[in-house]
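Biologist: I'd like to walk through this model with you, one feature at a time. Where do we start?

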Amino acid sequence: DPAEVRSADCAVGLDAWRESGVSRGQWNESRGNIGVFTGLEGAAAGTGYELSVRLDDDEAFGTELTGSAGLNWRIGDRWRAFASAGRAFRAPNFSQLYSPGFFGGLFAGNPNLDPERAWSAEVGADFNPVAGQRLTVSAYSNWIDDLIAFAGVDFRAININKARIRGLEFTYSAFAGNWSSDFNLTWQDPQDRAAGRNLLRRASFKGNWVLGYAFGSRWSIDGELSHVGNRLDVGGAGLASYTLINLRAAYRLREDWNLELRIDNLADRAYEPLVGFNAADRRVFVQLGWSR
């Protein structure tokens, strides 16, 4: 019986790093981290599963246990349901801790920052209406303690005691001949629960669409339409929504070599990612790449 087929893959690992940083006359710090982790992925009786556990010993912030668990179920030939939950830990980096900032302390670090600790959960479903198409709808919620943000006086780094980000995401991918399309929309409610307001610089609505075409095996082009909705910034100031158009063309010179031309912000749209800070104008990039 195919429903009784069982399979599993297991991984175990160890990693370690050490970093040092110096700013003359201001700070000179070093720290290290050792982590051990394991993960299990498999399927049994028509249900797929993923499990992972990680233990970190951070020299500056102590020992933390994190991990995640996920399940997915096939419902006929076209539907798949899934659910997952996890716990995460993120220590502040040296820039967030010690950066002196600029222009008298703008975006300066904070040596008293605590690390972020978060819980997350997600449920959703995939639908394949026909070959080459996939639609995914998912709902998620993240609860974050001590979220690190540059939102204090002069945008200095602070911890936000209680944050919650919950939302709904819709994605649709399609392939037809030489054409490809990837479309996604996100609605979210990013809340600073301690202050009773939205988290700064996080849009409640955003979307993205990439449409591509391949000319045989060598040429490919794609265009991207990206939209970010209104956001709140420091002092209650509002950041206006914006929409960008980006283009990319790539040519495979040989099996190992690739030439790429990219134009970001094609329409030369003026917008502010932060209050008082203008984003980059139209930019053109040429890249020669080698891979093997």
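**Reading strands, pocket and surface**

Modeller: Let's begin with a strand pair, keeping in mind that this is a predicted model. Strand β12 (residues 219-228) and strand β15 (residues 242-252) are antiparallel partners, joined over ten bridges. To see one of those contacts, find S226: its bridge partner in β15 is L244.

Biologist: And β15 on its other pairing: how many bridges join β15 to β16?

Modeller: Six, and β15 and β16 (residues 257-264) run antiparallel. These two strands make a hairpin, with four residues between them. Two residue pairs help you line them up: R248 stands opposite R262 in β16, and Y251 stands opposite L259 in β16.

Biologist: Then which strand does β16 join through eight bridges?

Modeller: That's β17, again antiparallel. Look at E260, whose bridge partner in β17 is Q287. So you can step from β12 to β15, from β15 to β16, and from β16 to β17.

Biologist: What should I keep in mind about side chains when I read a strand like that?

Modeller: In a regular strand, the side chains alternate between the two faces of the sheet. With that idea in hand, turn to the surface here. A nonpolar patch is formed by L253, W257, L259, L261, V284, V286, L288 and W290, and together they have about 780 Å² of accessible area. The elements giving two or more residues to this patch are β16 and β17 (283-290).

Biologist: Which strand gives the largest share of the nonpolar patch?

Modeller: β17, with four residues. L288 is a handy one to click on, as it lies in strand β17. L259 is another patch member, and we met L259 already, opposite Y251.

Biologist: Let's move to the earlier strands. How do β4 and β5 run relative to each other, parallel or antiparallel?

Modeller: Antiparallel, with nine bridges joining β4 to β5. As a marker, take A69, which has A85 as its bridge partner in β5. The two strands form a hairpin with three residues between them, and in that hairpin G76 takes a positive phi near 75°.

Biologist: And what comes after β5 in the pairing?

Modeller: Strand β6 (residues 116-127), which runs antiparallel to β5 and is joined to it by twelve bridges. There, R87 has W119 as its bridge partner in β6.

Biologist: Now pockets. How do I read the largest one, and what volume does it have?

Modeller: Start with the volume, about 150 Å³, then go to the lining. Thirteen is the number to check, since the largest pocket is lined by 13 residues, with E50, G70, L71, A83 and S84 nearest its centre. At least two lining residues come from each of β3 (47-58), β4 (62-75) and β5 (79-90).

Biologist: Which strand gives the most to that lining?

Modeller: β4, with five residues. By character, the lining of the largest pocket divides into five nonpolar residues, five polar and three charged.

Biologist: Last topic: salt bridges. What's the general idea?

Modeller: Side chains of opposite charge can pair when their charged atoms come close. Counting a side-chain nitrogen of Lys or Arg within 4 Å of a carboxyl oxygen of Asp or Glu, the total comes to 16 salt bridges. One of them joins D233 and R201, with the closest N and O atoms 3.0 Å apart. This pair links distant parts of the chain, 32 residues apart: D233 is in the loop between β13 (231-232) and β14 (238-239), and R201 is in the loop between β10 (197-198) and β11 (205-215).

How values were computed:
Residues numbered from 1 in each chain as written. Predicted model: local features only at pLDDT ≥ 70, side-chain atom pairs only at ≥ 80, totals over all residues. Heavy atoms only, no water. Pairing = 2+ DSSP bridges. 1 Å grid on protein atoms, 1.4 Å probe; cavity = no way out; pocket = protein on both sides within 12 Å on 5 of 7 lines; lining within 4 Å. Points joined across faces, edges and corners; volume = space filled by probe spheres on them. Nonpolar A, V, L, I, M, F, W, Y, C, P; charged D, E, K, R; others polar. Patch = residues over 30% accessible without salt bridge, like charges linked within 9 Å, V, L, I, M, F, W, Y side chains within 5 Å. Areas by Shrake-Rupley, 256 points an atom, 1.4 Å probe, with all protein chains shown as cover.
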